[in-house]
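This briefing walks through a protein model for a reader who is new to structures. Please look at the sequence and the 3D view first, and then follow the points below.

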Amino acid sequence: MAITLELYQEKYKQELEEYFLSEEQLYYTSMPLDALEKCITEENRHPIVILKDGAVAGFFVLHGWEGVKAYSENKEAILMRAYSIQHSFQGQGVGRKSMELLIPFVKKYYPAKKEVILAVNVKNTRAQYVYQKAGFEDTGRRVMGRKGELIIFNRKV
C-alpha cells in the first residue's frame, strides 16, 4: 500500500468531484472542491491530495500567514485546514500515514516553515486522537469557530 502526499494538479479534479464524506465528517470539514475554490482565489492556500496507490484518498490545504494569524503569532507557521479522508478509505491507515508524511512534505515544499498549526473542534474527538498520535500537541489556546470551540494544535517542523 503506497500512500503519498502530492501538490494538487488538475488531473485529480475528476476524482475530487466524486469525493464522498459522511454527514459527520461534513460537520467538521469542507468538501475538497469547496476548499479548492478558495485556493484559486487566495494565493497563499495550497491544496494537497493524499493518494493511496495513486487514487485520491484524502485532501487538505496548507494555508500561509493569512490563515495562521487567527491562531498563532508565528509567521514561520503554516496552517493545515480542510483535512479529510474520503469515506471509502477510512480505517485503512491513510490518515495515520498521511500525518507521518506531513512534516517531511512541509520541509520539502515549504522550507521556511517551522511549525504546522491546525484547529480542531472540541467535539471532534476522533480527529484529536489522530493528530495527537501524529505528534501534534494541544497549545492550550481555544478559539471560537463557526461550529463551536476549536482546540489549537501544533507540531514543530
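In this model, I78 stands opposite V116 in β5, and the strands β4 and β5 pair in the parallel sense over four bridges, where two strands pair if DSSP finds at least two bridges between them. The model is predicted, so that local features need pLDDT of at least 70 and side-chain atom pairs count only at pLDDT 80 or more, while totals for chains, interfaces and linings use all residues. Residues are numbered from 1 along each chain as its sequence is written, and side-chain values use heavy atoms, with hydrogens and water left out. The names of helices (H or I, at least four residues) and strands (E, at least two) refer to DSSP runs, numbered from the N terminus.

**Strand β5 and its partners**

- Together, β4, α5 and β5 make a right-handed β-α-β unit, and right-handed here says that, with the strands pointing away from the viewer, the path from the first strand over the helix to the second runs clockwise.
- β5 also pairs with β7, in the antiparallel sense and over seven bridges; in β7, the bridge partner of I117 is N154, and that of A119 is I152.
- β5 is mostly covered, with six of its seven residues buried, where buried means under 20% relative accessible area, exposed over 50%, and partly exposed in between (1.4 Å probe, protein chains only).

**E115 in β5**

- Is E115, which is found in strand β5, buried or exposed? E115 counts as buried because its relative accessible area is 6%.
- The side chain of E115 makes a polar contact with the side chain of N154 at 2.5 Å; a polar contact is a pair of N or O atoms within 3.5 Å, and within protein one must be able to donate a hydrogen and the other to accept it, while residues adjacent in sequence count only if both atoms are side-chain atoms.
- Leaving aside neighbours within four places in sequence, E115 is in contact (heavy atoms within 4.5 Å) with residues including S72, N74, I78, N154 and R155.

**Strand β6 and V143**

- β6 and β7 pair in the antiparallel sense over six bridges, a hairpin joins β6 to β7 through two residues, and E137 stands opposite N154 in β7.
- V143 is found in strand β6, which covers residues 137-145, and V143 counts as buried because its relative accessibility is 19%.
- Not counting residues up to four places away in sequence, V143 touches A70, Y71, G148, E149, L150 and I152.

**The nonpolar cores**

- The largest nonpolar core (a set of buried Ala, Val, Leu, Ile, Met, Phe, Trp, Tyr and Cys residues joined through side-chain atoms within 4.5 Å) has 28 residues, and those with the most contacts inside it are F60, L62, M80, L102, Y131 and F136.
- Among the elements that give two or more residues to this core are β1, β4, α5, β5 and β7, and its largest share, six residues, comes from α5.
- L102 touches L5, F60, L62, M80, V116 and F136, not counting residues up to four places away in sequence.
- Apart from the largest core lies another core, of 14 residues, among them L16, V56, V61 and A82.
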